[in-house]
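Here is a short report on a predicted model. Please look at the sequence and the structure before reading on.

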Protein chains: 2
Amino acid sequence: MRDAFHDELDSIGQTLIEMGNLVSTAVQLATTALLTADLKLAEQVISNDLRIDTMQHELDAKTLTLLARQQPVAGDLRTLITSLRMSADLERMGDLAHHIAKVARMRYPSAAVPAELVMTVQEMGDVLTRIIQKTTHVIETHDLESAVQLEKDDDEMDKLHRKLFLILLDDAWPHGIETAIDMTLLGRYYERCADHAVSVCRRVYFLVTGEYASEQA
Amino acid sequence: MRDAFHDELDSIGQTLIEMGNLVSTAVQLATTALLTADLKLAEQVISNDLRIDTMQHELDAKTLTLLARQQPVAGDLRTLITSLRMSADLERMGDLAHHIAKVARMRYPSAAVPAELVMTVQEMGDVLTRIIQKTTHVIETHDLESAVQLEKDDDEMDKLHRKLFLILLDDAWPHGIETAIDMTLLGRYYERCADHAVSVCRRVYFLVTGEYASEQA
């Protein structure tokens, strides 16, 4: 019976890794859809989000069943509770990729991102994709060094986010209010998605060490 | 032993209600700080958020201890897991009130919200405060009718959010990009805070019925 239980725990871990991979792909594709005004790609990200949502629902149902039936203690209990929280973060990250794709769809056939900001948004997409791939690695390996390093990657995202605002606020900004609104929201989606990845890594840190990672690390 | 356990469950419920009350006050004060450029009030909301964060940490620690020691099943297990999730929503709602107050502080001594939008933002604040008060009532009473009705209040918030964008996008908008960015972010904070309240009410619905509330309700 205990072996079957640990098989279930492994399969929950596998689902979290799979969710991480789906979210990372979603962010990459959404960024491309946004920067190339690719409607088909945007639609693909939007419809794929349902799959991530479904995985979360199934994973949570399975986790609750295990909690009720197996009454796990100590490490196993902590693993299950942490899984519930990580799946919520990953699901929300999928939503944010979905929001990015929706901006691409809303502005099609125009490109939502003006030339002045293409490079910054591409960098935000690249940094975020790297952050999510690292996060998935942290879920898989419990590598605490990477978990702590991720805070630095998030600092890079915050820098890009500030750069985006500086470009918007330049007196020479020629694109008007609608584009400024789009870019403000897009900036927020990338930044929040990275925050959730940091949160997943902190949860892994807590899971392994029983302590909270220092936010200064 | 079981009685002590149920006392603990009650005290967790009380903490959630207290968090709901604190968040409702935070949103009300943050909105006033924003609309009257009241720096002292803004600072008060910002420093009070720490209290909400601490309550969440303590509540989660207590919940995890109860899960480990009491190995609850069925309804009690569901109550504890739902409490963990509701406390995360409430903590995030506190963060969003804190973000609103930070915009007020950043623009002080100017008012962050231009005259054209004062009424809309006041309405968003009023609707959100009502939503959070109802949510606290739902946590306290498990009143499912109110839980379902809250989706309608959230529709009202979405309407106000759209109205805000229409005003920003009016050709006659005289306030430039910086104010448009502020208003876009503020709109998002109010709207997301209401979303989390809806999420809390859905969790109560699930807790009581074991079923998900229809989103059409």
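## A helix pair in chain A

In this predicted model, α3(A) passes α6(A) in a left-handed crossing. The two helices cover residues 74-107 and residues 176-209 of chain A, respectively. Their axes lie 9 Å apart. The packing angle is about 165°. An angle over 145 degrees counts as roughly antiparallel, and that makes α3(A) roughly antiparallel to α6(A).

What kinds of residues make up the contact of α3(A) with α6(A)? By class, 14 are nonpolar, five are polar and seven are charged.

## Chain A as a whole

Chain A is built with six helices and zero strands. Read from the N terminus, its elements run α-α-α-α-α-α. The radius of gyration of chain A is 19 Å, and the globule rule gives 17 Å for 217 residues. These values are close, so chain A is as compact as a globular protein of that length.

The C-alpha trace of chain A has its own dimensions. Along the principal axes, the trace spans about 65 × 40 × 20 Å.

## How the two copies are related

Chain B superposes on chain A after a rotation of 180°. The shift along the rotation axis is 0.0 Å, and the RMSD is 0.0 Å. The two copies are thus related as by a two-fold rotation axis.

Which C-alpha of chain B is nearest the axis? That of Q71(B), at 2.8 Å from the axis. Both copies use the same surface: 100% of the contact residues of chain B recur in chain A.

## The contact between the chains

Chain B gives 19 residues to the contact, and chain A gives 19 residues. On the side of chain B that touches chain A, four elements supply two or more residues: α2 (39-70), α3 (74-107), α5 (144-169) and α6 (176-209) of chain B. The largest share comes from α6(B), with seven residues.

How does this side of chain B divide by class? It has 15 nonpolar, two polar and two charged residues.

Note on methods
Residues are numbered from 1 along each chain as its sequence is written. Chains are lettered from A and ligands numbered from 1 in the order in which they are written. This is a predicted model: local features need pLDDT of at least 70, side-chain atom pairs count only at pLDDT 80 or more; totals for chains, interfaces and linings use all residues. Copies are superposed by least squares on the C-alpha atoms of residues with pLDDT of at least 70 in both. Two residues are in contact if their C-beta atoms, placed from the backbone, lie within 7 Å. Ala, Val, Leu, Ile, Met, Phe, Trp, Tyr, Cys and Pro count as nonpolar, Asp, Glu, Lys and Arg as charged, and the others, Gly among them, as polar. Axes are lines fitted to C-alpha atoms, for helices over the stretch in contact, and angles run from 0 to 180 degrees between N-to-C directions. Angles under 35 degrees count as roughly parallel, over 145 as roughly antiparallel, 65 to 115 as roughly perpendicular and the rest as oblique. A crossing is left-handed if the near helix is turned anticlockwise from the far one by less than a right angle, and right-handed if clockwise. The radius of gyration is taken over C-alpha atoms; the globule rule is 2.2 Å times the number of residues to the power 0.38.
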